[in-house]
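User: I should like to learn how to read the architecture of a model from its core and its sheet. May we work through an example together?

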Amino acid sequence: MVDIQLPLAQENKSRTQLQSWQALVAHKSTISKLKLHNLFEESTQRFQNFSIDLDDLLFDYSKNLLTARTIELLKNLANDCGLHEAIENLFTGKHVNTSEDRPALHTALRNLSGAPVLIDGKDVMPEVRQELAKMEELVGKLHRGDFLGATGKPITDVVNIGVGGSDLGSVMATEALSEYHQGYISLHFVSSIDGTHLTDVLHAVNPHTTLFIISSKSFTTIDTMANAEVAKIWLSESLGVTANLENHLAGVSANDEAMAAFGIPEKNRFYVWDWVGGRYSLASAVGLPVAITIGFENFKEMLKGMQMMDRHFRDTPFEQNMPVIMGLLGIWYLNFFDAVGQVILPYDSRMHRFPAYLQQLEMESIGKSVTHSGGRVEYPTGAGTWGEIGTNAQHSFYQLLHQGTRFVLADFLAPVNRKSEFPGHHGLALANCLAQSRALMEGQSGEQVLRDLEQRGLSLEEIDRILPHKVHSGNKPNNLLLFKRLDPKTLGMLVALYEHKIYVQSVIWDINAFDQWGVELGKQLASELEPVINSNATVSGLDASTQGLLDYIDRWKTRKVNPDDQ
């Protein structure tokens, strides 16, 4: 194998040699000496100065290691990296996805203004509106009970078969907006290729009343199509080989021919375009399961929230621009403080899939080591992203956040109001959210621990033993996003906020946020190995580890296994 050494691109080399970058390097040495609790003591206006309020969404970034000078220097870096122009390029259909030579115009999907959006001189909005109208028609038929299966029974269950961007966004949104569930349609999602996921769903639904949505931009994704073929066979065997399956199959793809070949009728074929990345496609027909679950008007409310954040991102000065500030803060910590990751902490159980959704959005977008021009980057890009519902996380990995040696960025998210039979519980969740954010900032000094232990009457020997273990260094930055309630509009705003935050960081790092060649490589290698495992085919040139693992798999597959061991 030829080892290709990528040169350092001049554009990248200039990033670290920019005067604005070097100014931040020098500034960091000053900021590192500051204590967050002292900054609050020095200014009673710190919260007002370092928070942004947009409609029902509040972004509090006052608990960060920064001053007004920090924001000024970060803005200088953004200007030097051409962020203003890059934002305009995103919204106006320029080919910002440079490796695939196409736009990334997901903002057009939620453009409800009626204004044209041009790609290479063509207005794409008529096609976008057409697909939205088609989605609305299908949702209406399902909710009215007018969408009938092969045996004349109304569809009661919809199964979405997809993976990655064709699954995660819809799963996240339907869970987050479960309070807005309309009608009697039950939604199910199948993404895993291990067989058990699909088996469980097929056991739970009735073939006479089930519609399958096969969602795949290429309509060739091996995971999705393997599950789709099984679902189609299951329908035929259950309903009879001569049954008309057209009202049991729908597709969402950019590949019309493949959908037609699979047997999906034109009326049930929905389209996405090559300028929509999978992880940015929730506002397209990929979000059809969301529209079915919450109703089309609520789906439009989600689009309105996205558009509201789009306009804010495009039109607001950097110092009051929520995605810009959030993105620049990530640059500040990842590149100048060596942060190793970021954690997403929602304090609402309905948002339990939001961290997983952001994992793909963040890590697939900015997990890159090559610049737009093909050179090797010379600074850290991206961050490991994970998360969990806050109250659960408090009893698992918060220990590392409070007393570990790793620097991790933290985003807290919480609704102020939520419908519940137990309103006091939500108040307790909010109290925990605010307390954890404050604890990261303030910590607990040795003097505070000493006073507490003395008041408890412990001996000097016991105090000496316990005290070091109870000290919390604090001074750990974090952001807090508060919103009036978790409704479709607010969820749309949050999704667009993180999308644009990621784009800001990609511009500063000079990387492409819209390709995912690392994902494609894994798919390619899996397609080569699958016949070896399932059909005893052979493949040459494997490494010793993979060959040894295949031999182990073959040994256990061919050996007669005791049923009790299965």
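User: Which residues touch the most other members of the largest nonpolar core?

Analyst: In soluble globular proteins, nonpolar side chains tend to be buried together. In this predicted model, the largest nonpolar core has 127 residues, and W275, F354 and L481 touch the most other members. Helix 21 (residues 488-509) gives the most to this core, namely 13 residues. Another core, of 22 residues, lies apart from it and includes V159, V205, A231 and L239.

User: With which residues is L481 in contact, leaving aside its neighbours within four places in sequence?

Analyst: The partners of L481 are L57, L58, F59, M322, M326, F412, L413, A414, L494, L497 and Y498.

User: In what order do the strands of the open sheet run, and which are the edge strands?

Analyst: An open sheet is read from its strand order and its edges. Here six strands follow the order 1-2-13-12-10-11, with mixed pairing. Strand 1 (51-54) and strand 11 (384-387) are the edge strands, each pairing on one side only. From one strand to the next, the twist averages 15 degrees.

User: In what sense do strand 10 and strand 11 pair?

Analyst: Strand 10 (residues 341-346) and strand 11 pair in the parallel sense, over four bridges. Within this pairing, V343 stands opposite W386 in strand 11.

User: Which strands does helix 14 touch?

Analyst: Helix 14 (residues 322-336) packs on the sheet and touches strand 1, strand 2 (57-60), strand 12 (408-417) and strand 13 (479-485). The direction of helix 14 makes about 25 degrees with that of strand 2.

Notes. Residues numbered from 1 in each chain as written. Predicted model: local features only at pLDDT ≥ 70, side-chain atom pairs only at ≥ 80, totals over all residues. Heavy atoms only, no water. Pairing = 2+ DSSP bridges. Helix = DSSP H or I, 4+ residues; strand = E, 2+ residues; numbered from the N terminus. Axes fitted to C-alpha atoms, helices over the stretch in contact; angles between N-to-C directions. Contact = heavy atoms within 4.5 Å. Core = buried A, V, L, I, M, F, W, Y, C linked by side-chain atoms within 4.5 Å. Buried < 20%, exposed > 50% of the residue type's maximum accessible area, 1.4 Å probe, protein only.
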